[in-house]
Amino acid sequence: MNLDKQLIDQVRQIFASLLHTYTIHVSCDTASEHGKETVSFYTDFSSASDRIGVEVTASNSDKCMASITRDGVPTGITFRGIPGGHEFTSLLLAILNADGQGRTLPDSATAERISRISGNLSVTVYMSLDCTNCPDVVQAFNQMALFNDRIAVETVNGQWYQSELEALGIKSVPTVYVNGELLWVGKGSMGELIDKLEEKYGTENRSNACEPQRFDLLVLGAGPAAASAAIYSARKGLDVAVVAQRVGGQVNETQSIENVISVTQTTGDKLANDLRNHMEQSGAKIFDSRTIIEADLKDKIKRVVTKSGEIFEAPRVVIATGARWRKLGVEGENDYIGHGVGFCVHCDGPFFKGKDVAVVGGGNSGVEAAIDLANICNHVDLFEFLDTLKADTVLQNKLRALPNVTVHLSSAVTKIDGDGKSVTGLVVKERVSGEEKRYGLQGVFVQIGLLPNSDLFATQVATERGEILIDAFCRTDVPGVYAAGDVTNVPYKQIIVAMGEGAKAALAAFDDKLRS
């Protein structure tokens with residue numbers, strides 16, 4: 001694989017400010033096709049900077065490895081197979097971050113938390129170059145290797161090592177193994193991944209308890225509603241803290257966005273970056289990669305505590321924590337997540353090329369998923385619990401025109417079958433007749449909507465079916481506490497609606513401040 005001159009010139013500009021010297025140690029069978037591609041790729045890549053060199057070692061192994069050292073010292077970062085496609089950015093950031101550069105670097109509190117993760121951890125991340133969720137996970141673990149010398153990370157291009165994925169039963173990416181044991185499947189933020197490592201491997205002694213950080217307003221969450229609330233509040237001159245797992249929230253999982261007024265088309269990644277830029281330029285302070293574990297919102301001064309021990313306080317809080325994918329809650333579902341059960345068609349669909357799959361859910365997301373899968377799969381069965389599809393008419397018409405899609409209405413999924421490694425079928429109950437039927441297939445994509453991320457606040461503010469109840473001004477039943485976006489009972493869970501609700505919550509909070 002050769003990099004074109006234009007791309008090399010762009011990389012040269014990115015690496016112009018490098019302070020350290022880097023060597024990419026390539027080990028492969030230099031006579032094999034993959035070996036030749038690997039050597040060519042890294043030779044071209046290294047030509048973008050005088051501070052980057054390549055050392056090639058011929059081996060008899062079918063594994064094409066590329067490990068990075070900084071000033072002769074291992075960084076703990078290795079790529080197996082060429083990191084092209086979406087992962088090319090991961091390679092760029094591996095070197096930039098090792099050099100102490102790049103906007104994605106964790107802040108000091110998160111870096112300190114990473115350094116305290118216990119154990120000697122050998123991390124293997126299986127990814128696909130077509131996966132849009134994979135780079136976030138790859139980059140997060142690479143940063144962990146840089147801030148904790150007991151962590152070593154190997155990123156594997158699954159398309160080059162299909163037999164290895166088949167042996168492990170991997171049918172969803174990213175999939176992460178640590179010391180040979182499965183740790184994680186699917187999208188994940190830095191905060192979520194740190195949580196999982198701490199839970200499984202523990203941490204070294206924590207430093208002394210943190211002093212509370214006081215602000216005028218706390219915004220919990222960092223999706224469209226949260227960003228809007230933060231921007232509006234900061235523009236009013238308030239000292240605003242945004243505390244969240246990940247900037248963008250659910251937006252990061254969206255491939256194409258075409259219904260944000262005046263923006264004819266954008267992507268989830270770009271919108272998330274734009275939200276971050278706008279918040280930062282407005283003066284809001286972003287504390288991402290945080291998991292909130294305690295919330296006390298009843299008193300005049302509201303307080304939240306993160307898993308790392310940080311304490312944030314303010315007289316007013318906007319809850320905009322969004323929502324997460326809803327699961328079926330049936331037997332076998334959790335057992336086969338990442339091994340046939342998936343939620344992201346764009347990431348995992350290619351693993352089911354030529355196979356039979358099911359989509360559960362007849363809303364827009366479910367019908368869109370079925371249409372996408374029909375282009376690559378042998379057959380798609382779509383199951384909807386109700387007696388009609390809920391998707392837009394134009395999508396339904398497109399779906400029904402596809403010859404390899406069968407729609408099943410009034411159908412309740414009761415079980416997901418498997419052989420211990422992968423999904424082999426789906427058991428469905430026909431609600432009218434009561435008859436149960438088994439469908440043999442290899443993949444199940446769950447598209448049945450979202451659950452509000454309100455668990456932490458359920459005892460603090462009034463909720464209904466998990467949604468935080470708000471009035472026309474986004475006020476909750478607790479003075480000084482506001483809520484906006486998908487976590488609330490506002491109808492129509494749309495990006496544009498969430499942004500408007502976030503602005504409304506910020507204006508209400510500011511108005512209440514003036515009147516108090």
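Which strands does helix α3 (residues 88–98) lie across, and at about what angle does helix α3 run to β4? In this predicted model, helix α3 lies across β1 (22–28), β2, β3 (65–70) and β4, and its direction is at about 175° to that of β4.

The strands concerned belong to an open sheet of 8 strands, arranged in the order β2-β1-β3-β4-β6-β5-β7-β8 and with mixed pairing. At the edges stand β2 (52–58) and β8 (181–185), each of which pairs on one side only. From one strand to the next, the twist averages 20°. Strands of a sheet pair through backbone hydrogen bonds, and the pairing can be either parallel or antiparallel. In the case of strand β4 (residues 73–80) and strand β6 (residues 151–157), the two run parallel and are joined by 4 bridges; Arg80 is found opposite Val156 in β6. A second helix that lies across the sheet strands is α5 (residues 134–147), which covers β4, β5 (121–127), β6, β7 (175–178) and β8 and runs at about 160° to β4. Strand β4 is thus named both among the strands that α3 lies across and among those that α5 lies across.

Packing between helices was examined next. Two packed helices are described by the angle between their axes and the distance between the axes. For α1 and α3, the angle is about 25° and the axes are 11 Å apart; as angles under 35 degrees count as roughly parallel, α1 and α3 are therefore roughly parallel to each other. Their crossing is right-handed. On the side of α1, the contact involves Leu7, Val11 and Ile14, which meet Phe88, Leu92 and Leu96 in α3. Sorted by character, the residues of this contact of α1 with α3 comprise 6 nonpolar, no polar and no charged.

Helix α4 (residues 108–115) and helix α7 (residues 190–201) likewise pack at an angle of about 25°, with a distance of 11 Å between their axes, which makes α4 roughly parallel to α7. Here, α4 passes α7 in a left-handed crossing. The contact is made by Thr110, Arg113 and Ile114 from α4, together with Met190, Gly191, Ile194, Asp195 and Glu198 from α7. The residues of the contact of α4 with α7 are divided into 3 nonpolar, 2 polar and 3 charged, whereas the contact of α1 with α3 holds no polar and no charged residues.

Aromatic rings were also considered. The structure holds 11 aromatic pairs, one of which is formed by Phe15 and Phe45 in an edge-to-face arrangement, with 5.7 Å from centre to centre and 85° between the planes. This pair links distant parts of the chain, given that Phe15 lies in the loop between α1 (5–14) and β1 while Phe45 belongs to helix α2 (residues 33–46), the two being 30 residues apart.

Two features of the backbone occur in loops. The peptide bond that leads from Val173 to Pro174 is cis, its omega being near -5°, and Pro174 is placed in the loop between α6 (162–168) and β7. Asp71, for its part, has a phi near 50°, which is a positive value in a residue other than glycine; the location of Asp71 is the loop between β3 and β4.

How values were computed:
Residues numbered from 1 in each chain as written. Predicted model: local features only at pLDDT ≥ 70, side-chain atom pairs only at ≥ 80, totals over all residues. Heavy atoms only, no water. Pairing = 2+ DSSP bridges. Axes fitted to C-alpha atoms, helices over the stretch in contact; angles between N-to-C directions. Contact = heavy atoms within 4.5 Å. Parallel < 35°, antiparallel > 145°, perpendicular 65-115°, else oblique. Left-handed = near helix turned anticlockwise from the far one by under 90°. Nonpolar A, V, L, I, M, F, W, Y, C, P; charged D, E, K, R; others polar. Phe/Tyr/Trp six-rings, centres within 6.5 Å; stacked < 30°, edge-to-face > 60°.
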